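Reader: Could you take me through the ligand site in this one, up close? I'd like to hear what sits around the ligand, and then whatever else you can add on the surroundings.

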Amino acid sequence: MQYAIRNPQGGPTGTQYAQANDIITLENAHTSGAYPKRPIAVVRGQGARVWDADGHEYIDCIAGHGIANLGHCHPAVTAAIQEQAAALVTCSEVLYNDQRAALLSELTARIPGGLGRVFLCNSGAEAVEGAIKVARLLTGRPGVVATMRGFHGRTLGALSATWNEEYRKPFAPLVPGFSHVPFNDLAAMGAAVGDDTAAVLVEVVQGEGGVRAGDAEYFQGLRRLCDERGALLVLDEVQTGLGRTGRWFAYEHVGIAPDVLCLGKALGGGLPMGAAVWQEALGSLPTGVHGSTFGGNPLACAASRAVLRTLAAEDLPSRAARLGEQFMAKLRAIPSPLVRDVRGRGLLIGVELRQRVTPILKGLMERGVLALPAGPTVVRFLPPLVIQEAELEAVLDVVREVLLNGDGSFAGGE
Ligand SMILES: Cc1ncc(COP(=O)(O)O)c(C=O)c1O
């Protein structure tokens, strides 16, 4: 298959036909260098499948790093974007807007536990920044206690809460007031939270940190601790929110509600969208303390409303729970000495290996399956929640082939 791109030489906007190599060369000439890129150029998607410029088909268990919960080009999202693009794309939050008003109402109705105030933004990191600001503003305290292996984004505030030294070190000094304690360790959190703590900031299931879920007792303990000490419990559900783990929000698995919730990724149906959502009882922000020019734009709000409608209409959280259990059971049944552990919730699934993950990801990709790492030794599967059972079976066949590969070509390599 050939793909049309704009003429890179500028001039009249003629098209030229480019194959994957042309696209890769052109992108490499100007890209930031920040991403560990794979040598395929994806140009089209439908459901859980994407196609590269050379016409190869892949089952997409990356899903835009967990964005495409509804799959690629879901007709409801496409129609909402098309319709809104013809009505109104941009409208600052200093003015009111029909799509934004409806989204705020529909989103807060979906979030259990009294979370009724929303700051709309454009990414997960921006949602975390918003949550940190809300916590500092509303408590009047500076401290944020986050967890080891936690990932909260790359902007300087969010990065200060992110644990991985590799991401943090080049950018020191970071924002003061942040500390890290072991995840799923209530005693360690108890020792760290004091009179100056504004927020305890944690993921319910650590995604990037290796697909690790905290226990219900841990989160119930965090809830009590924050209440006793006057800190806000901030849950980062940028990756786990909106059906991914088999419930609308992962905190529903652990029987508590947060003070502040961070959302992103799937929220915009592929358009940039994030939200910091907090308890109605905490009140609203003083006028003028925070803002985001693109935040709450009608186009992203319309897409987001289509996401919420479709998640409900197709009961995708339940589907994620059911398919995730089946997929994990079948992964566990693969008799490979390379596998140390299979874990996850819903369709956020990690396979921890006894070796580095890179050659396995490459083996999967060469056989038409796209997956992610979660740290150096964990393969992470984040398929669209609409993935078909036959597609998951096809993924399993490929995983089996790669993990059981008799010639040893995947063992031990980088
Ligand atoms: C839990 C969590 N928080 C925050 C972020 C940052 O989101 P973004 O990349 O949209 O800034 C991510 C991204 O992977 C994430 O997984």
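Author: Here is a walk around the ligand, followed by a strand residue and a group of rings. Keep in mind that this is a predicted model.

Let's start with the shell. The residues surrounding the ligand are Ser123, Gly124, Ala125, Phe151, His152, Gly153, Glu203, Asp236, Val238, Gln239 and Lys265. Sorted by class, that shell comes out as 3 nonpolar, 5 polar and 3 charged residues.

Now for the polar contacts. Ala125 uses its backbone: an N or O atom there sits 2.8 Å from an oxygen atom of the ligand. Phe151 also comes in through a backbone N or O atom, which is 3.5 Å from a nitrogen atom of the ligand. With Gln239 it's the side chain, where an N or O atom lies 3.0 Å from a ligand oxygen. As for how covered the ligand is, on its own it would expose 390 Å², and the protein buries 81% of that.

Two of the shell residues, Asp236 and Val238, turn up again if you look at Cys262. That cysteine belongs to strand β13, which spans residues 260-263. Leaving aside residues up to four places away in sequence, Cys262 touches Ala127, Val128, Ala131, Val234, Leu235, Asp236, Glu237, Val238 and Ala275. Is Cys262 buried or exposed? It's buried, with a relative accessible area of 0%; the cut-off for calling a residue buried is under 20%. For a sense of distance, take Leu385, 123 residues from Cys262 along the chain: the two C-alpha atoms are 20 Å apart.

On to the rings. Searching the whole structure turns up 6 aromatic pairs. One of them joins Phe183 and Tyr218 edge-to-face, at 5.6 Å centre to centre and with 75° between the planes. Phe183 is in the loop between β8 (178-181) and α8 (186-192), while Tyr218 is in helix α9 (residues 216-229), so this pair ties together parts that are 35 residues apart in sequence. Phe183 and Tyr218 are both buried.

Tyr218 has another partner, too: with Phe219 it makes an edge-to-face pair, 5.1 Å centre to centre and 75° between the planes. Phe219 is buried, as is Tyr218. Put the ring pairs together and you get a cluster of Phe183, Tyr218 and Phe219.

Technical notes: Residues are numbered from 1 along each chain as its sequence is written. This is a predicted model: local features need pLDDT of at least 70, side-chain atom pairs count only at pLDDT 80 or more; totals for chains, interfaces and linings use all residues. Side-chain values use heavy atoms; hydrogens and water are left out. A residue is near a molecule or strand if one of its heavy atoms lies within 4 Å of it. A polar contact is a pair of N or O atoms within 3.5 Å; within protein, one must be able to donate a hydrogen and the other to accept it, and residues adjacent in sequence count only if both atoms are side-chain atoms. Accessible areas come from the Shrake-Rupley method with a 1.4 Å probe; for residues, only the protein chains shown count as cover. Ala, Val, Leu, Ile, Met, Phe, Trp, Tyr, Cys and Pro count as nonpolar, Asp, Glu, Lys and Arg as charged, and the others, Gly among them, as polar. Helices (H or I, at least four residues) and strands (E, at least two) are DSSP runs, numbered from the N terminus. Buried means under 20% relative accessible area, exposed over 50%, partly exposed in between (1.4 Å probe, protein chains only). Contact means heavy atoms within 4.5 Å. Rings of Phe, Tyr and Trp (its six-membered ring) pair if their centres lie within 6.5 Å; planes under 30 degrees apart count as stacked, over 60 as edge-to-face and the rest as tilted.
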